Amino acid sequence: MTTTLTDETLLLDDTASLREAARFVREHDSAALLPLLLPGLRGPDLQALAGHCRFAHAGLLLCPPDADSLRAQLTDCGLPVDTPFHPSVVVRERLARRHRRDPAELDVRIMRPQVHDSAGQRRAVEVFALFVPPHSGLEAIAAYERTRRHEAHLAFEVEHPEPLALRGLCAILARHGAVPDGGGYNPHEDGTVLYFTLPADAACDYRRLELYARGDHRDTLAAHLDRPDRRGHPRDDARQPAETLLQLFTGAWTTQALAVFARLGLPDAMDTRTAFRTEDIARVTGTHPASLATLLRYLAMLGVVTQEHDQDQEHDALFRLTELGALLGADAPGSMRSLALMYGGPFYRSFGGLDHAVRTGQPAFDRLFGENHFDHFARDPELAALFDRSMAAGARMFQPLPTHPVVTAAAQAIAPATVVDIAGGNGELLGRILTAHPRLRGVLLERPHAVEAARRRLDAAGCGTRCGYRAGDFADVPSGGDVYILSRVLHDWDDDRCREILRHCARAMPAHADLLVVERLLPVDGSPSLATAWDLHMLCNVGGRERRADHYAHLFADAGLQLIGHSPLPLDAYVLHVRRASAPNPGAANRP
């Protein structure tokens, strides 16, 4: 089996190119193909991509003179000729830009004749057909496209394209060298495509990859294209410095606008399919119609809602919720409402004292509220519940963790293995792991009020009978576990406290046990990262910090532990694999 075209001269022959694409589709599947496209892809990232993305088709552009000629080519390649045609908006616009033509001059159709692999799985060859009649003046375009193969690509369909998961998949592709390269929404098919250019060392003649998600995902598309809003207005990189600063100054307005949107229940009063009049939304939410319209117009610039009306009729505006805005709904899958309320609430207030933190090195939160945030939240049941929900919302961003090799090895061990989640909040992450692996048992260590919340969540998830609970602090880490988890814990503390926490873990861990530490890592080259932003948040609100991988390695060593390796997770997070320094080889097959 090969990923190289059998004869480069066939690239000039539409029929041969079509036949070769059909062969390629029949011979490859996601798990085998993805590492060829993204060298170095393995572990949780490979499992996440292969688990969420189904290899769907190979795409190519053909330039037949008419529809009858195209059907003859399909017949010659053994492909069904009764496949329906649809206009291809995305490719037509791209060809028009590339060749500086009016899109109306180009008749571009799309069709997907089906093929089957050796296991009977149904896939397709995606055919873009630019009809080039004789003497049409389009012959030069056809010759150029046949040689350059700009539209040739491999496509993976995202199964269950929930917005956070879709963005996480894009982040994984980017981490492994895939570069965003356009995309679009096709209303004829109600599908969104996200294109990437593959790394130069990809072991394949195809140089572009497509993620295809059913439905309208123009909010994700806007982020993919690095646009400020879903209307597709390109970012003006030539802005004057003063304009740039003015936009940066409004960051606080954005935080509060999102928090107010969530707090007032606006996402729950709106819908992604229907546009509502401002007056109707105001009536349901008890807000002032004209003021609400002002807020919604601002949120429309952010892609949280869309405004669908004549701009001159200010008080009769129609607004529709976007997929991005839907994430702020109270009961939305993967809801981030609690995070909006937390960052727009107590943490927002403490950021007003950032200068104190920078001058003294002490958290502004402690100065404002008179105590650290853990104690402050513990005294207020409503705030404590909000904090735990916000942490659970973050845990949803770490979906690949249940497929980490350490976890899957524990699940396959001869004797039932136990996962210990230290400071596991309301059990969101542990619940995901136990749900994914029915043979695993769990123990959750947390503060008393959080333990009760975790018990309710895990019972509701059907995992309660396999989970034990311990109310306590880090000194009470249960012994005898097989896999220990510290998810977003160490960044809350200074180095001395981290060493203390890690020593408690080391004392509790049997010789064979693994410790998985989930944290964001500061980049060594100073490149942009969410870890850099969270480092400032830690300084101002918590008194902890984000760290580089080598910094964590030193902390582990000081506690008698050894960093085995680390692998990326979505949203600039990483899972660090740690064992006791005297532990046996981590490749050992079975646990006692």
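**Contacts, crossings and cysteines in a predicted model**

Biologist: Leu-173 touches Leu-38, Leu-49, Ala-178, Phe-196, Leu-209 and Leu-211, if residues up to four places away in sequence are not counted. Is Leu-173 buried or exposed?

Modeller: The model is a predicted one, and in it Leu-173 belongs to helix α7, which spans residues 163–175. Its relative accessible area is 1%, and because the cut-off for burial is under 20%, Leu-173 is classed as buried.

Biologist: How far apart in space are Leu-173 and Ala-222, C-alpha to C-alpha?

Modeller: Along the sequence, Leu-173 and Ala-222 are 49 residues apart. In space, taken from C-alpha to C-alpha, their separation is 17 Å.

Biologist: What orientation do helices α1 and α4 have to each other?

Modeller: The axes of α1 (residues 14–27) and α4 (residues 67–76) come within 9 Å of each other and cross at roughly 45°, and the crossing is right-handed. Angles under 35 degrees count as roughly parallel and those from 65 to 115 as roughly perpendicular. The angle between α1 and α4 falls in neither class, so the two helices are oblique.

Biologist: How many charged residues take part in the contact of α1 with α4?

Modeller: On the α1 side the contact involves Asp-14, Thr-15, Leu-18 and Arg-19, which meet Gln-73, Leu-74 and Asp-76 of α4. Divided by class, the residues of this contact comprise two nonpolar and two polar ones, and the charged residues number three.

Biologist: How many charged residues are in the contact of α10 with α13?

Modeller: Helix α10 (residues 251–263) and helix α13 (residues 289–301) have axes that come within 10 Å and cross at roughly 115°, in a left-handed crossing. The contact is made by Trp-253, Thr-254, Ala-257, Leu-258, Val-260 and Phe-261 of α10, together with Leu-295, Leu-296, Tyr-298 and Leu-299 of α13. By class these are nine nonpolar residues and one polar residue, while the number of charged residues is zero.

Biologist: Why is Cys-63 in no disulfide, and how far away is the nearest cysteine sulfur?

Modeller: The structure holds zero disulfides, and Cys-63 itself is buried, with a relative accessible area of 5%. A disulfide needs two cysteine sulfur atoms within 2.5 Å, so Cys-63 does not qualify, for the nearest cysteine sulfur, that of Cys-77, lies at a distance of 15 Å.

Biologist: Which cysteine has the sulfur nearest to that of Cys-505?

Modeller: Cys-505 counts as buried, at 0% relative accessibility, and it is in no disulfide. The nearest cysteine sulfur is 10 Å away and belongs to Cys-498.

Biologist: Is His-160 buried or exposed?

Modeller: His-160 lies in the loop between β6 (153–158) and α7, and its phi is near 55°, a positive value in a residue other than glycine. At 73% relative accessibility, set against a cut-off of over 50%, His-160 counts as exposed.

Biologist: Is Arg-488 buried or exposed?

Modeller: Arg-488 has a phi near 55°, again a positive value in a residue other than glycine, and it sits in the loop between β16 (483–487) and α24 (495–508). Its relative accessible area is 14%, and because the limit for burial is 20%, Arg-488 is buried.

Notes. Residues are numbered from 1 along each chain as its sequence is written. This is a predicted model: local features need pLDDT of at least 70, side-chain atom pairs count only at pLDDT 80 or more; totals for chains, interfaces and linings use all residues. Side-chain values use heavy atoms; hydrogens and water are left out. Axes are lines fitted to C-alpha atoms, for helices over the stretch in contact, and angles run from 0 to 180 degrees between N-to-C directions. Helices (H or I, at least four residues) and strands (E, at least two) are DSSP runs, numbered from the N terminus. Angles under 35 degrees count as roughly parallel, over 145 as roughly antiparallel, 65 to 115 as roughly perpendicular and the rest as oblique. A crossing is left-handed if the near helix is turned anticlockwise from the far one by less than a right angle, and right-handed if clockwise. Contact means heavy atoms within 4.5 Å. Ala, Val, Leu, Ile, Met, Phe, Trp, Tyr, Cys and Pro count as nonpolar, Asp, Glu, Lys and Arg as charged, and the others, Gly among them, as polar. Buried means under 20% relative accessible area, exposed over 50%, partly exposed in between (1.4 Å probe, protein chains only).
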